[in-house]
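Trainee: Before I accept any label in this model, I would like to see the value and the cut-off behind it. Can we go through them one by one?

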Amino acid sequence: MNLDPGIVCYQHCQGRLFAFSLPAACPLCRVNLENEPLQIPPFSDYKSTHDLHIGVTDSEGRVFEYEQEGLHSDYTSSWSQCLAIPIISDSSNRLDPVWQEYWDFTLNTLAKDPVWCEERYDETSFNCYSFVVEFLQRLAPPGLEVKTLSKTSLCSQLFLPYTIPAAKYISLYRSLLKEKVVPVQST
């Protein structure tokens with residue numbers, strides 16, 4: 001269940017405006033928006049995430065995750081609020097069919113390895129990050145230096161570019177809870 005109502009972005013007069021829904025009147029110039037054209041029609045932004053837990057999806061959309069109960073892929077519905085980070089994609093964010101097949105093969109092979117049992121799990125030293133690092137090292141995607149990949153470099157190379165906009169989204173979300181509409185002036 002997605003509890004995030006989503007943030008709507010639109011532009012009427014000056015700057016972009018963010019709200020949970022389109023108001024009847026522009027909060028900047030007070031013009032009635034029901035009959036007035038918008039410079040940018042309303043659109044929704046991406047959703048925020050709550051926990052910093054990582055997993056890997058296969059081509060069917062199943063999330064493989066390693067946690068206290070070991071490796072499993074049966075809780076996919078619990079990933080309703082997450083950041084999806086593309087690793088290998090073309091300009092339309094689609095995975096080449098050859099890479100898709102190799103991705104699934106690599107993931108399924110790794111998932112069969114008994115090392116990912118619940119007894120080996122350790123919150124700090126052998127966890128979900130260990131699983132994703134191992135997967136990426138076996139996959140060896142282009143553009144990612146996997147030989148020296150660590151939990152820290154994984155975060156800085158792959159996650160940081162996505163978590164900064166997510167943090168801005170969360171900040172905007174919290175502002176909207178207080179202010180109802182947040183204008184951002186155009187530059």
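**Labels and cut-offs**

Mentor: Start with S130, which lies in helix α2. The model is predicted, so local features need pLDDT of at least 70 and side-chain atom pairs count only at pLDDT 80 or more, while totals for chains, interfaces and linings use all residues. Residues are numbered from 1 along each chain as its sequence is written, and side-chain values use heavy atoms, with hydrogens and water left out.

Trainee: What makes a stretch a helix or a strand here, by definition?

Mentor: Both are DSSP runs numbered from the N terminus: H or I over at least four residues for a helix, E over at least two for a strand. On that basis the chain has 3 helices and 7 strands, in the order β-β-β-β-β-β-α-α-α-β.

Trainee: Why is S130 called buried?

Mentor: Buried means under 20% relative accessible area, exposed means over 50%, and partly exposed is in between, with a 1.4 Å probe and protein chains only. S130 has 9%, so it is buried. In the whole chain of 187 residues, 33% are buried.

Trainee: What do the side chains of S130 and K151 form, and at what distance?

Mentor: They form a polar contact of 3.3 Å. The term needs a pair of N or O atoms within 3.5 Å; within protein, one must be able to donate a hydrogen and the other to accept it, and residues adjacent in sequence count only if both atoms are side-chain atoms. At the start of α2, a side-chain oxygen of N127 also comes within 3.0 Å of the backbone nitrogen of Y129.

Trainee: Which residues is S130 in contact with, leaving aside neighbours within four places in sequence?

Mentor: Contact means heavy atoms within 4.5 Å. Under the exclusion you state, the partners of S130 are W116, S125 and K151.

Trainee: How do you know that the length of α2 agrees with a helix?

Mentor: The expected span is 1.5 Å times one less than the number of residues. For the 12 residues of α2 this gives 16 Å, and the end C-alpha atoms are 17 Å apart, so the two agree.

Trainee: What makes α2 mostly covered?

Mentor: Of its 12 residues, 9 are buried, among them C128, Y129, F131 and L139. The cover includes β4, β5, β6, α1 and α3.

Trainee: Which residues have the most contacts inside the largest nonpolar core?

Mentor: They are F131, F135, L136 and L154, in a core of 26 residues. Such a core is a set of buried Ala, Val, Leu, Ile, Met, Phe, Trp, Tyr and Cys residues joined through side-chain atoms within 4.5 Å. The elements giving two or more residues are β5, α1 (97-111), α2 (128-139) and α3 (151-179); α2 gives the most, with 8 residues. Not counting residues up to four places away in sequence, F131 touches V56, F64, Y66, L71, L107, L110 and W116. In soluble globular proteins, nonpolar side chains tend to be buried together.

Trainee: Why is β5 called largely enclosed?

Mentor: All 5 of its 5 residues are buried, so the rest of the structure largely encloses β5. V63, E65 and E67 point one way, and F64 and Y66 point the other.

Trainee: What is the strand order in the open sheet of 3 strands?

Mentor: The order is β4-β5-β6, with antiparallel pairing. Two strands pair if DSSP finds at least two bridges between them. There are 2 bridges joining β4 to β5 and 3 joining β5 to β6, so both pairs meet the requirement of at least two. As edge strands, β4 (56-57) and β6 (70-72) each pair on one side only. One bridge partner pair is T57 and V63; E67 stands opposite G70. The β4-β5 hairpin has 5 residues between its strands, and 2 residues link β5 to β6.

Trainee: Why does A140 count as partly exposed, and R30 as exposed?

Mentor: A140 has 40% relative accessible area, so it falls in the partly exposed range; R30, at 62%, counts as exposed. A140 lies in the loop between α2 and α3, and R30 in the loop between β2 (16-19) and β3 (40-44). Both have a positive phi, near 50° for A140 and near 65° for R30. Most residues other than glycine have a negative phi.
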